[in-house]
There are 2 protein chains.
Amino acid sequence: MEHGTTVLLSIFVAFLAAQVGAEIAQRLKMPSVVGQLAAGVIVGPSVLAWAEIHEPLRVLAEIGAVLLLFSVGLETRIAELKKVGKVALLVGVLGVIVPFMAGGAWAAAAGFDSYKAMFVAAAFVATSAGITAKVLQELGVISRIESQIILGAAIIDDVLAMLLLVVVSSLQSGTGFDFLRLGTTIVQALGFILLVVVVGRYVMKRSSNLMDAPVDPQSPLIISLVICLGLALAAAYIGLAAIIGAFLAGLILAETDHRSALQKESKPILAFVVPFFFVVTGMEVDMRMLASWDVLGTVLLVTLLAVAAKLVGASIGAASLGFKGAMAVGVGMVPRGEVGIIIASLGRQANVFGNTTYAVIIAMSLLTSVIAPPALKVLFKNEDAQPA
Amino acid sequence: MEHGTTVLLSIFVAFLAAQVGAEIAQRLKMPSVVGQLAAGVIVGPSVLAWAEIHEPLRVLAEIGAVLLLFSVGLETRIAELKKVGKVALLVGVLGVIVPFMAGGAWAAAAGFDSYKAMFVAAAFVATSAGITAKVLQELGVISRIESQIILGAAIIDDVLAMLLLVVVSSLQSGTGFDFLRLGTTIVQALGFILLVVVVGRYVMKRSSNLMDAPVDPQSPLIISLVICLGLALAAAYIGLAAIIGAFLAGLILAETDHRSALQKESKPILAFVVPFFFVVTGMEVDMRMLASWDVLGTVLLVTLLAVAAKLVGASIGAASLGFKGAMAVGVGMVPRGEVGIIIASLGRQANVFGNTTYAVIIAMSLLTSVIAPPALKVLFKNEDAQPA
């Protein structure tokens with residue numbers, strides 16, 4: 001088959017698998033994300049091998065993640081986020097410290113040296129904002145206080161995980177602990193976020209009428225997409241996750257008069273690109289790596305540890321919400337998703353992990369992502385949810 | 001910069017350039033396609049080099065072309081297409097024969113041997129349905145009889161160009177003229193088109209209620225996207241252009257009750273992906289190849305010949321519409337666009353063309369694409385156009 005046709009085939013299979021998986025999950029009363037992740041594992045290289053993961057598919061998946069977080073930003077109000085700021089900070093920080101210690105302890109017990117143990121610990125720390133956000137969107141509870149805390153804390157986690165990677169990689173380069181680089185990174189990250197939120201919000205409020213261009217009725221959507229891609233790029237450029245920039249773009253555009261029109265118009269685009277994110281995340285799992293009882297045992301142990309550590313750390317941070325609220329926040333922080341997978345890949349590229357450790361961390365990232373959504377559904381239901 | 005960031009940068013630059021180009025073109029009362037093509041040339045590798053053309057960007061461009069032709073199919077009625085069938089066939093066939101002879105004559109005069117001359121002639125034959133269709137969409141005249149003839153004839157042209165490539169490549173392989181392969185190709189192409197239109201239309205009419213899935217209000221859109229990608233893939237699989245499959249998908253979905261809902265919901269997706277098609281087409285042009293008066297002279301000559309041959313052939317085929325109608329059809333068939341660029345690339349890969357011939361054919365493809373839209377606008381205006 002010609003190369004272009006192979007690429008088109010993978011895109012078609014991935015999209016179809018995502019829809020079939022979502023449909024099955026919904027009939028089983030599960031969040032559609034679970035079905036899409038599972039469908040990805042099944043059509044992926046290690047099971048049916050109906051679709052290859054090539055770069056264009058990965059980029060479609062990244063665009064999906066970027067637009068998903070953009071839409072989550074659109075549904076979030078800065079004022080609401082401010083209200084939960086202190087709790088979110090506490091959840092984010094404790095949700096990093098406890099898993100970091102748990103991951104490091106397991107890695108040390110498993111015989112990794114201290115540098116490798118830090119890398120393993122970094123994978124324990126990650127939180128996938130995308131997976132939880134999509135589940136909360138589907139449940140129609142994005143505006144609930146628990147959801148806002150989860151989103152705020154997930155972003156803080158992402159920033160902390162990035163700082164951790166800076167520390168780990170400066171240890172790796174053998175130059176010792178690089179305080180200057182760490183300082184620069186902290187200043188850049190915080191500066192970027194503050195700049196976008198403060199200046200961006202001001203500009204948006206002042207110039208929202210500029211988006212009513214005379215010719216094209218779709219220009220607010222198009223200008224918003226430019227802002228979203230631009231801030232995603234800027235975030236990636238300074239070493240943050242692109243999705244953070246996209247979330248911030250949504251956040252400041254939510255302050256304009258175009259908010260509800262943008263939410264409505266972006267839905268068809270989201271329906272087209274977001275499924276690629278989840279199905280490709282599933283496809284990254286190589287089930288063949290797990291074909292031994294030893295490895296499976298390790299996966300179970302590591303997953304249990306990762307779930308428990310995050311749940312404990314994050315829910316202590318959210319203790320002020322009461323037991324049920326704190327549990328909801330804790331569970332919402334559990335999925336490692338694509339962030340865990342990215343750290344595992346970095347670790348393998350740097351020859352820190354062998355194939356087995358890589359497979360174990362990938363499997364843990366995926367299992368945490370599949371376990372959390374049904375639990376979230378239970379924790380968030382029986383209350384006055386407004387469907388999205 | 002990290003590779004992932006570079007890819008994101010190119011995507012951002014391409015999208016932004018497309019929007020700026022479209023805005024400038026509209027202010028100059030030109031079709032936005034012209035602005036997007038020109039913006040692509042400017043930000044592309046040979047002028048500002050702000051964006052690289054990598055595979056993910058090309059795939060986004062192809063998805064853009066696929067969804068564009070899908071939307072054109074959605075705006076087309078099979079009954080209307082049938083009415084213009086005979087004229088479209090005449091336009092398509094004459095619009096191939098005359099340019100083929102003109103291209104062959106120029107190539108022979110320029111000293112190419114008969115095999116290379118056939119390849120050059122094939123590039124003269126191509127028609128870009130995408131560029132004309134977008135311009136007609138913008139002018140709101142897709143349902144006019146001239147537009148329907150152009151679309152029908154462009155598809156016939158694509159099939160004929162494909163048959164020509166089969167002939168050329170069987171000559172190239174030195175096995176002589178392969179009647180069996182030519183026959184198989186003809187049967188496959190016609191069989192595919194008939195199968196989709198007859199069976200697909202029947203199935204769509206019968207089962208259009210299956211698309212009203214109970215859970216998700218966006219399921220007709222999603223099922224339509226699956227059908228669109230699936231038929232695009234099937235077309236590519238049998239060697240047709242993927243956009244033909246996408247057009248057919250739109251055509252049969254236009255026969256369901258979901259037609260107007262699909263037209264409405266697909267607009268935001270089109271606004272996001274279609275610009276990539278035009279801007280990437282522009283980026284493929286390497287202006288450095290044209291930096292000599294000799295080459296520029298050749299480009300002008302070849303472009304004039306390509307325009308004249310297509311205009312004469314196609315407008316004779318459409319003579320029954322009267323002078324103005326025939327001219328509109330003729331001009332609509334002029335853009336070679338991405339089809340000419342694809343044939344030029346095939347020719348370079350097969351070592352048939354040197355760099356200069358390649359650049360000349362690319363430049364001709366692009367110039368014909370930039371000249372035609374403003375002319376179309378003039379020929380289609382001053383009549384009862386209904387804005388899209």
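A crossing of two helices is left-handed if the near helix is turned anticlockwise from the far one by less than a right angle, and right-handed if it is turned clockwise. The exercises below concern a predicted model.

**Exercise 1. Describe the packing of helices α5(A) and α6(A), and classify their relative orientation.**

Solution.

Step 1. Two packed helices are described by the angle between their axes and the distance between the axes.

Step 2. Helix α5 of chain A covers residues 85–109 and helix α6 of chain A covers residues 114–125; they pack at an angle of about 140°, with their axes 7 Å apart.

Step 3. This angle makes α5(A) oblique to α6(A), since only angles over 145 degrees count as roughly antiparallel.

Step 4. The hand of the crossing of α5(A) and α6(A) is right-handed.

Step 5. On the α5(A) side, the residues that meet α6(A) include A:Val96, A:Pro99, A:Phe100, A:Gly103 and A:Gly104. Among their counterparts in α6(A) are A:Lys116, A:Met118, A:Val120 and A:Phe124. By class, the contact between α5(A) and α6(A) comprises 13 nonpolar, two polar and one charged residues.

**Exercise 2. Determine which elements of chain A form the side that touches chain B, and state its composition.**

Solution.

Step 1. The contact joins 34 residues of chain A to 34 residues of chain B.

Step 2. Two or more residues on this side of chain A come from each of α1 (3–27), α3 (55–74), α10 (219–237) and α12 (259–283) of chain A. The element that gives the most is α1(A), with 11 residues.

Step 3. Divided by class, the side of chain A that touches chain B has 24 nonpolar, seven polar and three charged residues.

**Exercise 3. Identify the symmetry that relates chain A to chain B.**

Solution.

Step 1. A turn of 180° and a shift of 0.0 Å along the axis lay chain A on chain B with an RMSD of 0.1 Å.

Step 2. Such an operation is the relation of a two-fold axis.

Step 3. In chain A, the C-alpha nearest the axis belongs to A:Pro56, at 2.1 Å from it.

Step 4. The same surface serves both copies, as 100% of the contact residues of chain A recur in chain B.

**Exercise 4. Assess the confidence of the prediction for chain A and for the complex.**

Solution.

Step 1. Chain A has a mean pLDDT of 85, and 92% of its residues reach 70 or more.

Step 2. Over residues 384–388 of chain A, pLDDT stays under 50; the model has nine contacts beyond four places in sequence for this stretch.

Step 3. Where pLDDT is low, the predicted coordinates should not be read in detail.

Step 4. For the complex, the predictor gives an ipTM of 0.84 and a pTM of 0.86.

Definitions and conventions. Residues are numbered from 1 along each chain as its sequence is written. Chains are lettered from A and ligands numbered from 1 in the order in which they are written. This is a predicted model: local features need pLDDT of at least 70, side-chain atom pairs count only at pLDDT 80 or more; totals for chains, interfaces and linings use all residues. Two residues are in contact if their C-beta atoms, placed from the backbone, lie within 7 Å. Helices (H or I, at least four residues) and strands (E, at least two) are DSSP runs, numbered from the N terminus. Ala, Val, Leu, Ile, Met, Phe, Trp, Tyr, Cys and Pro count as nonpolar, Asp, Glu, Lys and Arg as charged, and the others, Gly among them, as polar. Axes are lines fitted to C-alpha atoms, for helices over the stretch in contact, and angles run from 0 to 180 degrees between N-to-C directions. Angles under 35 degrees count as roughly parallel, over 145 as roughly antiparallel, 65 to 115 as roughly perpendicular and the rest as oblique. Copies are superposed by least squares on the C-alpha atoms of residues with pLDDT of at least 70 in both. pLDDT is the predictor's confidence in each residue, from 0 to 100.
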